[in-house]
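Biologist: I would like a close look at a single part of this model, namely the places where charged side chains meet. Could you take me through them slowly, in one connected answer?

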Amino acid sequence: MNDLTPTREQRSAALEGMGCKRKRVEDIRFTQGKGNYVDDVKLPGMLHGDFVRSPHPHARVKKIDDSEALKVPGVLAVITAETLKTVNLAWMPTLAGDVQMVLADGKVLFQNQEVAFVVATDRYAADDGINKVIVEYEPLPPLVDPFKSMDKDAPVLREDLAGKTSGAHGPRKHHNHIFEWSVGDKELTDAAFKKAEVTIKEMISYHRTHPSPLETCQCVCSFDKIKGELTIYGTFQAPHVIRTVVSLIAKLPEQKIHVIAPDIGGGFGNKVGAYPGYICAAVASIVTGKPVKWVEDRIENLTATSFARDYHMTTEIAASKDGKVTGLRVHVLADHGAFDACADPSKWPAGFFNIVTGSYDFPTAHLAVDGVYTNKAPGGVAYRCSFRVTEAAYCIERAMDILAQKLNMDPAELRLKNFIKPEQFPYHSALGWEYDSGDYHTAMRKMMETTGYAALRKEQAEKRAAFKRGETREIMGLGVSFFTEIVGAGPSKNCDILGIAMFDSCEIRMHPTGAGIARMGTKSQGQGHETTWAQIIATEIGIPADNIMVEEGNTDTAPYGLGTYGSRSTPVAGAAIAMAARKIKAKAQMIAAYKLEVHEDDLEFDIDGFRVKGLPEKFMSMKDICWAAYNSVPPGMEPGLEAVSYYDPPNMTYPFGAYLCVMDIDVDTGVYKVRRFYALDDCGTRINPMIIEGQVHGGLTEAFAIAMGQEIRYDDTGNVVTGSFMDFFMPTAVETPHWETDFTVTPSPHHPIGAKGVGESPNVGGVPAFSNAVNDAFSFLGSTHIQMPHDFWRNWRAAKDLGAVA
Amino acid sequence: MQMNDSQRIPASREEVWAALNDPAVLKQCIPGCQSLEVTAPNEMTATVIFKVGPVKATFSGKVILSDLDPPNSYRISGEGSGGVAGFAKGGALVRLESESADVTVLHYDVDAQIGGKLAQLGARLINSTATKLAGEFFKSFAGVVSAKAEAG
């Protein structure tokens, strides 16, 4: 060794492995406008398709006349349900076990429902064609309010389900009922409420909103008649699932379907499902023999492809006078729209909503969910959350604040009093989950100390007194939120999609020069997988992250995986990467032992290679082992250095965090200012702190949007009145507050690298923090709960209702 | 959407009533009206160009007069489709009141509903647009009727 020999720290830093704030490798192309999105795919002779959509929320379709449309120059075909029936595709299965019309079959059930698909030589001609398709409707009474869906005289929405007394999730009790799902011990919970010293009850609504990625849903389908092969480029969060679904419903052999998800401009759950656009583009390509592109516009995206939330949660907590919770009872009315196209693992009609006991040690709980049909767009996807976890977190975090108010206790103190204690992990919740690890008290106290929580409460008390004396018109709110998520779906014992277990996969192939490629079953939509996956491999096998290429999204080359959503990539695929890397490492160790002429057990791994124990100069780098793997492996060993791992997680992971929002609201205008927002996240082992920070910023911005104004709203007659960015709140840098981020690290005990996932935590924890801040601000004026979203007008109205404004 | 207002017209109640039942007058006064044809007693078909915010479309549909109580009141109702732009339907109860022999006050009570793209994009503009259109209609109606009354 000499002075030029790198130190261990230098060798470790050169890998840019786990814990390194490695710059995002994908940004080199994105920041130069060189990304390759679906709309960049241009194939020779490509046609364009677009939809005729229903202006009515509920109507009978009497007649579709396409004769004038077919005269428009450039228009080649108009596809209707009748066309699709000839190939048995007028309806398609949904992920939730229901069926959904691809094109209106006799009836339309929501505004902007797909009625006909016009195929033309360019998008302009398709649009002209749409204007010439004459559809005759007979309007029917619309059902908009989910609370009226099971009224005796409620209109029958789904005539195709006539006489069906049970659905995919058990008995149906009304013609607009989809399922009832219940969990927990009802008797024990009812008993807890009977003897409770204090109870609260509130109907807490989480309004309908939309993931609204900037890139809308789109695809290009190209059918090769000679080979009988269908290639689909699409905005797919789960490309393999799409391939399997297409194979099952189009009856094409799966090996003849090539699904390619190129760069994706945001997904947030919107791009998990299968939409009529995909089916119609595929059929149009089969019919015309040419590639067909379908690209949603903004209105179509907001009003027709999957919405999120729309949960109406009647929540009750039982507690002792000194603030110890003794029971939780929740009933949810879930508005699923016209078809149950909710994207949940198949056995979970309300997702993982039974995480609703949150971070608290509830001795007993009971939950029941009723799903209902209304004349609204289908969906119910996990908008930057793991299957209804945001709804659950909002429900319990709002309810804990309401309880604190009733007990006249500080919301943070109430939480500290009821947290699951560190020594209780692994913790079995009253609603059936096994929390893997957590240290809630430490995280909460760190939040309180860093933000100066006690001083803020003191300031609030002074401001309230000043408000009552008439010296100020501004009120101050502190929004505390302490969430526990459940992510990483999921173990095959309880998670599948259409019967496929929710494992994930990684295949690593090392090249002779010490470089390699990792192929994944996941699909980044902006999460930075190309950066972080390489970091895990770098640390695991000692090859610099820069030498590892990560490839995702091509079903022909990637191992089968269930895709990216529900914060599952790191918990599931991240584990598969580590396991595949460890297989590589095990073989590398055998090769090194052979080359260094020692027994395997005499070797130890040292950052970027193997060293003979006690003989530090006898060392073989991983780079050299890669070369040896292709020319001088031990006798009897196959050459090459590659591995594949399919990881079936033993449990979910349970990230958590402590958030605080400090907000000031002017009662006369309703205008709010987010003075401060602090987010402490514990996502276990941190792979790339910079990417985590970016994820938290993005998730908080979406949480801010949802809590403070973002809504898909319908008027009484079933019109979507927030169908464009003019009315649907999409925050820009102008509205977005400054974010302060922090962390604690409590690794997952069952995950190979201890990571838990973080992408969705800020959305899950952020929404209750904002809403609690608004509610906390108004509470001293006598309110217990104000429904979201808290836009200026609603704040002003709340102030007016409470008598604070004349 | 609902709105009600009244308009003072310098003409007798009978003259106003006659004009309210005259398709030529209606055609002249309905903003954007391209055609108005009588198809049956108290029944007409109309084509109207309607613009709300970013949406502009040609609506064609039926107009029906009902609950006729000459020369006091009637209900005018209609529904039209603007293709991809959506649809509109609604009606107005029109009531005449003599202020004096040659001045009539016309009261109107409108209840209208729109759907489709028109409602999605124009929701925030629809009330002001509707008020403006109603104002335009009754203003020109008052003008036409008083001119007729003077000429008569």
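Modeller: Let us begin with a group of side chains, keeping in mind that this is a predicted model. Six residues, Glu459(A), Lys463(A), Glu474(A), Asp664(A), Lys673(A) and Arg675(A), are joined to one another in a network of salt bridges. This network belongs to a wider picture, since a search over all chains of the whole structure finds 61 salt bridges.

Some individual pairs are worth following one by one. In one of them, the side chains of Lys347(A) and Asp496(A) form a salt bridge, with a distance of 3.0 Å from N to O. Lys347(A) sits in the loop between strand S18 (325-335) and strand S19 (365-372) of chain A, while Asp496(A) is in strand S24 (residues 496-497) of chain A, so this pair ties together parts that are 149 residues apart in sequence. As for their surroundings, Lys347(A) is partly exposed, because its relative accessible area is 49% and the partly exposed class ends at 50%. Asp496(A), by contrast, has a relative accessible area of 10% and is therefore buried, the cut-off for that class being under 20%.

A second pair is made by Arg158(A) and Asp160(A), whose side chains meet in a salt bridge at 2.8 Å from N to O. Here Arg158(A) is buried, with a relative accessible area of 1%, whereas Asp160(A), at 32%, counts as partly exposed.

A third pair joins Arg794(A) to Asp791(A), where the closest N and O atoms are 2.9 Å apart. Arg794(A) has 16% relative accessibility and so counts as buried, while Asp791(A), with a relative accessible area of 22%, is partly exposed.

For a contrast, it helps to turn to charged residues that are grouped in another way. Asp122(A), Asp127(A), Asp128(A) and Asp297(A) form a negative surface patch, and residues in such a patch have no salt bridge. One of these, Asp128(A), lies in helix H4 (residues 123-132) of chain A and is partly exposed, its relative accessible area being 43%. Helix H4 of chain A also holds Ala125(A), but Ala125(A) is buried, with a relative accessible area of 5%. The helix thus carries both a buried residue, Ala125(A), and a partly exposed one, Asp128(A).

Notes:
Residues numbered from 1 in each chain as written. Chains lettered and ligands numbered in written order. Predicted model: local features only at pLDDT ≥ 70, side-chain atom pairs only at ≥ 80, totals over all residues. Heavy atoms only, no water. Patch = residues over 30% accessible without salt bridge, like charges linked within 9 Å, V, L, I, M, F, W, Y side chains within 5 Å. Areas by Shrake-Rupley, 256 points an atom, 1.4 Å probe, with all protein chains shown as cover. Salt bridge = Lys/Arg side-chain N within 4 Å of Asp/Glu carboxyl O. Lys, Arg positive; Asp, Glu negative; His and termini not counted. Charge placed at Lys NZ, Arg CZ, Asp CG, Glu CD. Helix = DSSP H or I, 4+ residues; strand = E, 2+ residues; numbered from the N terminus. Buried < 20%, exposed > 50% of the residue type's maximum accessible area, 1.4 Å probe, protein only.
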